[in-house]
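This report is an introduction for a reader who is meeting the structure for the first time. It looks at the bound ligands in turn and at the parts of the protein around them.

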Amino acid sequence: MSSETKFTLNGKNVVAKDGETIWQVAKREGVGIPHLCHKDAPGYRSDGNCRACMVDIEGERTLTASCIRTPSEGMVVHTETERAAKAREMVFELLVADQPSRDHHPDPESDFWTWSERVGVTSSRYSACAKPVQDISHPAIAVNLDACIACNLCERACREVQVNDVIGMGDRGSHSAPIFDLADPMGLSTCVACGECVSACPTGALMEKSLLDDTASKREVYPEETIDSVCPFCGVGCLTSVSVKDGRIVKVEGRDGPANENRLCVKGRFGFDYVSSPERLTKPLIRRDDAPKSASISLTRDNYLDVFREATWEEALDRAAQGLKTSLDAKGGAGIAGFGSAKGSNEEAYLFQKLIRQGFQTNNVDHCTRLCHASSVAALMEGIGSGAVTAPFNAATDADCMIVIGARPEQNHPVAATYIKQAAKNGAKLIVMDPRGQGLMRHADYGLKFKPGTDVAMLSAILNVIISEKLYDEQYIAAHVDGFEALKEKNREFTPEAMEPVCGIPAATLREVARLYATSAKSIIFWGMGVSQHVHGTDNVRCLIAMALTTGQIGRPGTGLHPLRGQNNVQGASDAGLIPMVFPDYRSVENPDIRAEFEDAWGRTLDPARGLTVVEIMDDILAGGIEAMYVMGENPAMSDPDQNHARKALASLKHLVVQDIFLTETAWHADVILPASAHAEKLGTYTNTNRQVQIGQPCVPMPGEARADWELIVALANRVGLGWSYDGVPAIYEEMRSHMNSLANISWQRLETEGTVTYPADAPDKPGNEILFGQSFPTADGRGKIVPTDLVPPDEVPDEEFPLVLTTGRMLEHWHTGAMTRRANVLNAIEPEPVVSMNPRDIKMQGFDIGQQVTVETRRGAITLTLRADRDVSSGMLFIPFCFFEAPANFLTNPQLDPFGKIPEFKFCAARIFSAQEHLAAAE
Ligand SMILES: Nc1nc2c(c(=O)[nH]1)N[C@H]1C(S)=C(S)[C@@H](COP(=O)(O)OP(=O)(O)OC[C@H]3O[C@@H](n4cnc5c(=O)[nH]c(N)nc54)[C@H](O)[C@@H]3O)O[C@H]1N2
Ligand SMILES: Nc1nc2c(c(=O)[nH]1)N[C@H]1C(S)=C(S)[C@@H](COP(=O)(O)OP(=O)(O)OC[C@H]3O[C@@H](n4cnc5c(=O)[nH]c(N)nc54)[C@H](O)[C@@H]3O)O[C@H]1N2
Ligand SMILES: [Mo]
């Protein structure tokens, strides 16, 4: 129910809706009231402490802060009485007294100075307090407390909006100011550098160092223009506004997008300078005739010209196409494969799979989704007929109970995590299930640190309780679900008591968690790689689907299944057909009718058999099958499992074309390297984890001779005789859309106007559907299907020789293989070197020293890195992130695949650790 309150503002009759404050109504009415401690953005509570927004209310003795005051019926408000104006002048005069002069101010263009100018007070009769110290210990953010007005917006930003709980207002001498943790230097505090405080600060006391001079106390950089775009990193899909000067990005701010409501994380806000890295590829390169290929990489910034020579575009493109044609002539499509990119746009993904399918008559086209949520998608397609999320992550706000399993959103989907944390703070129950501890557990009612690789056991026990205690929704099952009887039968033996020793969680806890999930009015499940990257990944997800289907926790606000999608465009690239089994929109390549539609549209006979997947392609190369590849925007020489094997495969290709923005480990094996466009340099659409299709705009020019990815795909297509002509990205989008029902009613023009639209949308003028499957599922008969599962152990369990469990994954500051973030200065400054994390007790027991060099070895390889203590890592486990080329985690990982999703078991293998010296000695 909306409420309305009528009152007068400066003599005009106005209406406040739904609890609007006087300040908000005034803004809507075009009456600007100064404000400093108030931020007009979602998630920010008004505090009314700075007194800059004082207004006069008839009949009231004192002035009132308009940012916290809601009007009452008939109230008469004046913003410009002499009394109000004088009071505000006084506020500003006192504040100005305490600021450095405008000429010596960190940000003379800050909101503070804009408002003081409007109020007419830019100097002061009062004298300043003693100047507090400057804190420049953080690589990204400068703290100049002399400019602080103690408005506490930064504290609200940190605690209430991002829920990071680092900043507090401490008492420093005569005036209160932000402190970090227990008054640590910011750079040593637990600050995660989301930059929300910087964005909130009205004076520039907290500021991006990238805008300041060498002393970090005075603003030096003023952008020339600001462009609306979308973040290039993760699947959250934060909308951004990108500020540019001299053709370089100098600052990124969050915009009010549906997924992020202005919020960003450290990568989105401070990780932009990879785009202008001096290591960007700027010229086409061709392998020298005298440079043999080798699986071992000895790549440095300076030696690449020993291996490659610069070439013209004509020569490089001819050579790239010729090599693919030669293989096609010799072997047909079976000799060729392509890896497309989930970092590129939908249009690029569509064109890439079209080129491979139409040009080379093969379905050997895949991308990193195979290493990611392939098992989730397999289980979801089977169970509910759709691989995408059933509800956006923001649905956390409406949930009563949230499960987060096998995911670390604080690190990997930080902005999504803010919604989960806020919901938990507002009383929703949070259950975090992960063998490794994480920050989110601090906000959780239950933190289940179960034994790795035992998800099916733990979840089956939960299902067992749901069944035996009759917590399921009988009506929902009757109306919507098949397979319940089979589940009951199979699940009988998986009692919590029987599963306790398997998964390590007490039976009583499993019962409580089952009851909480099943009986809460609205429960939602979020999951990630800890669930999917196992040989039983598909089974893990089948269990989660069974939990939702038996309890009817799906299809309503605050409920659903949400696999947190990883890359900025992995949802879109998958939708666009960058998958070996399916054309765009998951339509089977094996179905003759569907194939006929694409054969008609593309004018060629197409391959009737499903293609090989990422890891299968590597195997097939070494088995003498595939001999030529085109890799765009992926770095399999770092991201594929068992690198000794994968790099050997890449090195043994007869012809490899790599299209990237950097000379990656994969490019090292190439015959031809095509310098491509970074996200910030091109137009395109990207689909985030919430199914929101959003436009990314070009913000800066491409470096040197680099070219847009889509133009390069077209150039290759035309060199293999496909005769493509597109007059731009919109035309590609519209062609793609003609094959995709999911994008019905979402025309390019609509996207241009609205910037972001959720699919599916029922009409061109209706917003898309955020919550899906309230009525039925998109399966053949409209019903959901439960598929019961068995307990399957991880493929390689610890033994005497390799007694530890190695798990791999990510860190907040780095992106995957490090190609981008190791070249982003702030991010690399925070996490500069390869580390393996181990429980401090294990470190002590083994007699190691924190910070020493250690070697970690598995049956497939060994790497040497720095030992880090981390209480979150359980005893008996090691954790290594795969972003460091100096010590690639994937030398160690097990390539064994899940039989349905074909995803490798990145999250579990047997390992051992010893001091690096020992390792060296043994080698000698
Ligand atoms: N900073 C950053 N953010 C990223 C990325 C990045 O590289 N860096 N990559 C993006 C991509 S593509 C993806 S897919 C997402 C991935 O995001 P997440 O799914 O959060 O990824 P991970 O950190 O790999 O693994 C998640 C969790 O799985 C747990 N785990 C390990 N073994 C098991 C197990 O047996 N069972 C269960 N249930 N859990 C287990 C780990 O302890 C870890 O906490 O992140 C995206 N966001
Ligand atoms: N051990 C271990 N391995 C894993 C995982 C794990 O958890 N553990 N996780 C897996 C998962 S979930 C994923 S998604 C994969 C990710 O694996 P990859 O996709 O191979 O990893 P990225 O580093 O994201 O590679 C992206 C590449 O694209 C380039 N690039 C960026 N933007 C553009 C662009 O606009 N155009 C072009 N042409 N190139 C561009 C970058 O320079 C980089 O080389 O890794 C998988 N590997
Ligand atoms: Mo991923």
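## The model

The structure shown here is a predicted model, and the paragraphs below describe the surroundings of ligand 1 and then those of ligand 2.

## Ligand 1 and its shell

Ligand 1 is surrounded by 32 residues, and the closest of these are Asp434, Gly453, Asp455, Met529 and His814. Sorted by class, the residues of this shell comprise eleven that are nonpolar, 14 that are polar and seven that are charged. Among the secondary-structure elements, helix H11 (409-412), helix H18 (529-532) and strand S33 (804-809) each contribute at least two residues to the shell around ligand 1. In terms of domains, at least three residues of the shell come from domain 3 (373-563) and at least three from domain 4 (804-923).

Several polar backbone atoms lie beside ligand 1: one of Arg408 is 2.8 Å from an oxygen atom of the ligand, and one of Gly530 is 3.1 Å from a nitrogen atom of the ligand. A nitrogen atom of ligand 1 also lies 2.9 Å from a backbone N or O atom of Leu812. On its own, ligand 1 would expose 920 Å², of which the protein buries 99%. The space that ligand 1 takes up is the second largest cavity.

## Ligand 2 and its shell

Around ligand 2 there are 35 residues, with Asp660, Lys682, Asp709, Thr817 and Asn890 as the closest. The shell is made up of 13 nonpolar, 15 polar and seven charged residues, and strand S27 (655-660) and strand S33 each supply at least two of its residues.

For ligand 2, the contacts described here involve side chains. An N or O atom in the side chain of Lys682 is 2.7 Å from an oxygen atom of ligand 2, while a nitrogen atom of ligand 2 lies 2.9 Å from a polar side-chain atom of Thr808. The side chain of Trp815 likewise has an N or O atom 3.3 Å from an oxygen atom of ligand 2. Of the 920 Å² of accessible area that ligand 2 has when taken alone, the protein covers 99%.

## Where ligand 2 lies

Which cavity corresponds to the space taken by ligand 2? That space is the largest cavity. Because domain 2 (285-368 + 569-768) and domain 4 (804-923) both give residues to the shell around ligand 2, the ligand lies between these two domains.

Definitions and conventions: Residues numbered from 1 in each chain as written. Chains lettered and ligands numbered in written order. Predicted model: local features only at pLDDT ≥ 70, side-chain atom pairs only at ≥ 80, totals over all residues. Heavy atoms only, no water. Near = heavy atom within 4 Å. Polar contact = N/O pair within 3.5 Å; in protein donor to acceptor, adjacent residues only side chain to side chain. Areas by Shrake-Rupley, 256 points an atom, 1.4 Å probe, with all protein chains shown as cover. 1 Å grid on protein atoms, 1.4 Å probe; cavity = no way out; pocket = protein on both sides within 12 Å on 5 of 7 lines; lining within 4 Å. Sits in = over half its atoms within 2 Å of the grid points. Helix = DSSP H or I, 4+ residues; strand = E, 2+ residues; numbered from the N terminus. Nonpolar A, V, L, I, M, F, W, Y, C, P; charged D, E, K, R; others polar. Domains from an automatic or database assignment.
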